[in-house]
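Subject: Handover of a structure and notes on what was found

Dear colleague,

Please find below the structure that I am handing over to you. My notes follow it, and I would ask you to read them with the structure open beside you.

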Amino acid sequence: MKSFNSLLVSFFLLFYTTNAFNITHILGKYPDFSTFNNYLTQTQLAAAINSRQTITILAVDNAGISPLSGKPADELKKIMSVHVVLDYFDDEKLKKLSKKTSLLTTLFQSSGQATGQQGFVNVSDLSTGSVVFGSGVKGSALGANLVKSVEAQPYNISVLQISTVIIPPGIDGSIANSSTNSTAKSPQASPGPGPASVPPTKSPKKSPPTAAPQPSEAAPPPDATADSPAKDDADVPTADAPAKDDKKSAGVALRLGVFVVLVIAVSTSFIGLVF
């Protein structure tokens with residue numbers, strides 16, 4: 001009975017040994033990933049990784065991990081957990097994606113702290129043959145390229161090197177803050193009455209100078225009225241015009257002159273005949 005128990009314990013130890021892995025030891029063999037390895041230890045993600053049976057680590061070397069320098073501990077843990085995929089993917093499997101693209105579930109998604117698609121990583125196999133990664137948040141750029149496979153233990157753990165860190169939009173709380181600010185400002189969105197709501201008006205353009213109004217042809221100019229004779233004076237003859245009686249006298253004198261000339265002419269003719 002004692003030997004049986006020893007055999008059973010040995011069997012479980014053998015099974016545990018063949019399936020267990022230690023991410024700290026794996027990355028410890030590669031000095032280029034020392035900062036990434038330290039971050040896993042600081043955030044206590046190394047223990048969570050080692051407790052898994054199937055996992056993929058998207059590791060970033062010391063040159064590409066600089067964007068995480070100085071991040072708060074809580075934010076650093078969230079970003080690092082995005083680089084832990086809850087499935088096994090090696091270089092060969094990534095290049096056999098059925099639809100050339102896929103959303104991979106990460107350790108951050110399982111934490112319950114992810115908003116929207118923050119807990120997913122988008123991976124795409126491009127037509128050029130390269131594989132790129134990015135945040136699963138809609139509209140995010142696929143800016144992290146697959147560099148190489150660092151280590152693989154099918155089908156338990158795979159360590160892949162990517163060119164830069166993946167930081168989902170709003171993981172620092174900026175999305176929540178912006179939505180709060182927009183809500184707080186929403187009552188002011190509709191302008192109320194009063195001077196403050198009146199938009200600034202543009203200064204009116206100067207109108208071209210208008211021409212002075214021309215006097216109507218039908219109406220006499222102002223000065224003409226003063227100089228024109230009144231209606232009652234229109235029938236009054238001017239000082240130079242002869243009166244009615246003078247005209248009559250002139251006509252009589254003219255006829256009388258003509259008569260005298262005729263008498264003289266006849267008399268002269270008669271005297272000439274006599275003598």
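A residue is called buried when its relative accessible area is under 20%, exposed when that value is over 50%, and partly exposed in between. Please keep in mind that this is a predicted model.

With that cut-off, helix α5, which spans residues 73-82, turns out to be mostly covered, since seven of its 10 residues are buried. These buried residues are E75, L76, K78, I79, M80, S81 and V82. What do the buried residues of α5 pack against? Their partners are the helices α3 (34-42), α4 (45-50) and α7 (107-110), together with the strands β2 (84-85) and β4 (120-125).

Two residues of α5 deserve a closer look. S81 lies in this helix and has a relative accessibility of 5%, so it counts as buried. Apart from neighbours within four places in sequence, S81 is in contact with L45, T106, L107 and F108. K78, in turn, forms a salt bridge with D74, with N and O 3.5 Å apart. The two residues are four positions apart in α5, which means that about one helical turn separates them. K78 counts as buried because its relative accessibility is 18%, whereas D74 is partly exposed at 47%.

The chain as a whole

The protein chain contains 10 helices and seven strands. Of its 275 residues, 27% count as buried. Among the contacts with a separation of 6 or more, 59% are between residues 24 or more positions apart. The chain exposes about 19100 Å², and carbon and sulfur atoms supply 60% of that area.

The sheet

Strands of a sheet pair through backbone hydrogen bonds, either parallel or antiparallel. Here, seven strands form an open sheet with mixed pairing, in the order β2-β1-β7-β6-β5-β4-β3. Why is one side of β2 and of β3 (101-105) left without a neighbour in the sheet? Both strands stand at the edges and have a single partner strand each, so one side of each remains unpaired.

Strand β1 (residues 55-59) is largely enclosed by the rest of the structure, because five of its five residues are buried. I55, I57 and A59 point one way from β1, while T56 and L58 point the other way. Five bridges join β1 to β7 (residues 157-162), and these two strands run parallel. On the β2 side, two bridges join the strands, which run antiparallel. T56 has a partner in each of these strands: S158 in β7 and V85 in β2. I57 stands opposite V84 in β2.

Two further buried residues

Y88 sits in the loop between β2 and α6 (91-94). Is Y88 buried or exposed? Its relative accessibility is 2%, so Y88 counts as buried. Leaving out neighbours within four places in sequence, the residues in contact with Y88 include T54, I55, T56, K93 and Y155. Y88 and Y155 are 67 residues apart in sequence, yet their C-alpha atoms are 6.1 Å apart in space. The side chain of Y88 also makes a polar contact with the side chain of D90, at 3.3 Å.

D125 belongs to strand β4 and is buried because its relative accessibility is 10%. Beyond neighbours within four places in sequence, D125 is in contact with L94, K95, L97, K100, S130 and V131. Its C-alpha atom is 9.8 Å from that of S98, a residue 27 positions away in sequence.

Salt bridges

Side chains of opposite charge can pair when their charged atoms come close. The model has five salt bridges, and the K78 and D74 pair described above is one such contact. Another joins K29 and E151, with an N to O distance of 3.0 Å. This pair links distant parts of the chain: K29 is in the loop between α2 (23-28) and α3, E151 is in strand β6 (residues 144-153), and their positions lie 122 residues apart in sequence. K29 is exposed, at 52%, whereas E151 counts as buried, at 16%.

K96 and E92 also form a salt bridge, their closest N and O atoms being 3.2 Å apart. Both residues count as exposed, K96 at 60% relative accessibility and E92 at 52%.

Yours sincerely,
A colleague

Notes:
Residues are numbered from 1 along each chain as its sequence is written. This is a predicted model: local features need pLDDT of at least 70, side-chain atom pairs count only at pLDDT 80 or more; totals for chains, interfaces and linings use all residues. Side-chain values use heavy atoms; hydrogens and water are left out. Buried means under 20% relative accessible area, exposed over 50%, partly exposed in between (1.4 Å probe, protein chains only). Contact means heavy atoms within 4.5 Å. A polar contact is a pair of N or O atoms within 3.5 Å; within protein, one must be able to donate a hydrogen and the other to accept it, and residues adjacent in sequence count only if both atoms are side-chain atoms. Two strands pair if DSSP finds at least two bridges between them. Accessible areas come from the Shrake-Rupley method with a 1.4 Å probe; for residues, only the protein chains shown count as cover. A salt bridge is a side-chain nitrogen of Lys or Arg within 4 Å of a carboxyl oxygen of Asp or Glu.
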